[in-house]
Amino acid sequence: MNIDNISETVARFQFIADVSLIAHCKEDELKMALSMISDMAGTIDTAIFEAAIYCQAE
């Protein structure tokens, strides 16, 4: 997954979260929105960022 795809996925997270907050969703609708965000988050391959996130011990 390249940075453009990651940016697009994060924009989708933002959109779903914003709509959920503005629409004053019911509990089951909010659970569905969070489930959608969770599913999309699972598609991001974080392995390419591990070196930047974690310090390599020598």
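**Exercise 1. Find what covers the buried residues of helix 2 in this predicted model.**

Step 1. List the buried residues. In helix 2 they are Ala33, Ile37 and Met40.

Step 2. Place them around the axis. Seen down the axis of helix 2, these residues fall within an arc of 65°, so they line one face of the helix.

Step 3. Look at the other side. There, Glu27, Asp28, Lys31, Met32, Leu34 and Asp39 are exposed.

Step 4. Identify the cover. It includes helix 1.

**Exercise 2. Decide whether helix 1 is roughly parallel or roughly antiparallel to helix 2.**

Step 1. Fix the ranges. Helix 1 takes in residues 3-22, and helix 2 takes in residues 27-41.

Step 2. Read the geometry. The two axes come within 10 Å and cross at roughly 175°.

Step 3. Apply the cut-off. Angles over 145 degrees count as roughly antiparallel. Helix 1 is therefore roughly antiparallel to helix 2.

**Exercise 3. Describe the contact between helix 1 and helix 2 by residue and by class.**

Step 1. Take the helix 1 side. Thr9, Arg12, Phe13, Ile16, Ala17 and Ser20 take part.

Step 2. Take the helix 2 side. Their partners are Leu30, Ala33, Met36, Ile37, Met40 and Ala41.

Step 3. Sort by class. The contact has 9 nonpolar, 2 polar and 1 charged residues.

**Exercise 4. Compare the span of each helix with the expected value.**

Step 1. Take helix 1. It has 20 residues and reaches 28 Å from its first C-alpha to its last. That is close to the 28 Å expected at 1.5 Å a residue.

Step 2. Take helix 2. Its 15 residues should span 21 Å at 1.5 Å a residue. The end C-alpha atoms of helix 2 are 21 Å apart, which agrees.

**Exercise 5. Locate the buried and exposed residues of helix 1.**

Step 1. List the buried residues. They are Ile6, Thr9, Phe13, Ile16 and Ser20.

Step 2. Check the arc. These residues cover only 85° around the axis, which puts them on the same side of helix 1.

Step 3. Find their packing partner. The buried residues of helix 1 pack against helix 2.

Step 4. Turn to the other side. Ile3, Asp4, Phe15 and Ile22 are exposed there.

**Exercise 6. Work out why Ser20 counts as buried and Leu30 as partly exposed.**

Step 1. Place both residues. Ser20 belongs to helix 1, and Leu30 to helix 2.

Step 2. Recall the cut-offs. Buried means under 20% relative accessible area, and exposed means over 50%. Partly exposed lies in between.

Step 3. Classify Ser20. Its relative accessible area is 12%, so Ser20 is buried.

Step 4. Classify Leu30. Its relative accessible area is 39%, so Leu30 is partly exposed.

Step 5. List the contacts, leaving out residues up to four places away in sequence. Ser20 touches Cys25, Leu30 and Ala33. Leu30 touches Ser20 and Cys25.

**Exercise 7. Set separation in sequence beside C-alpha distance for three residue pairs.**

Step 1. Start with Thr9. This residue is in helix 1. At 6% relative accessibility, Thr9 counts as buried.

Step 2. Pair Thr9 with Ile44. They are 35 residues apart in sequence and 8.2 Å apart in space.

Step 3. Pair Ser20 with Ser35. They are 15 residues apart in sequence and 12 Å apart in space.

Step 4. Pair Leu30 with Ala51. They are 21 residues apart in sequence and 34 Å apart in space.

**Exercise 8. Characterise the backbone and the exposure of His24.**

Step 1. Locate the residue. His24 sits in the loop between helix 1 and helix 2, just after helix 1.

Step 2. Read the backbone angle. His24 has a positive phi of about 50°, although it is not a glycine.

Step 3. Classify the exposure. At 68% relative accessibility, His24 counts as exposed.

Technical notes:
Residues are numbered from 1 along each chain as its sequence is written. This is a predicted model: local features need pLDDT of at least 70, side-chain atom pairs count only at pLDDT 80 or more; totals for chains, interfaces and linings use all residues. Side-chain values use heavy atoms; hydrogens and water are left out. Axes are lines fitted to C-alpha atoms, for helices over the stretch in contact, and angles run from 0 to 180 degrees between N-to-C directions. Helices (H or I, at least four residues) and strands (E, at least two) are DSSP runs, numbered from the N terminus. Angles under 35 degrees count as roughly parallel, over 145 as roughly antiparallel, 65 to 115 as roughly perpendicular and the rest as oblique. Contact means heavy atoms within 4.5 Å. Ala, Val, Leu, Ile, Met, Phe, Trp, Tyr, Cys and Pro count as nonpolar, Asp, Glu, Lys and Arg as charged, and the others, Gly among them, as polar. The expected span of a helix is 1.5 Å times one less than its number of residues. Buried means under 20% relative accessible area, exposed over 50%, partly exposed in between (1.4 Å probe, protein chains only). The arc is that of the directions from the helix axis to the C-beta atoms.
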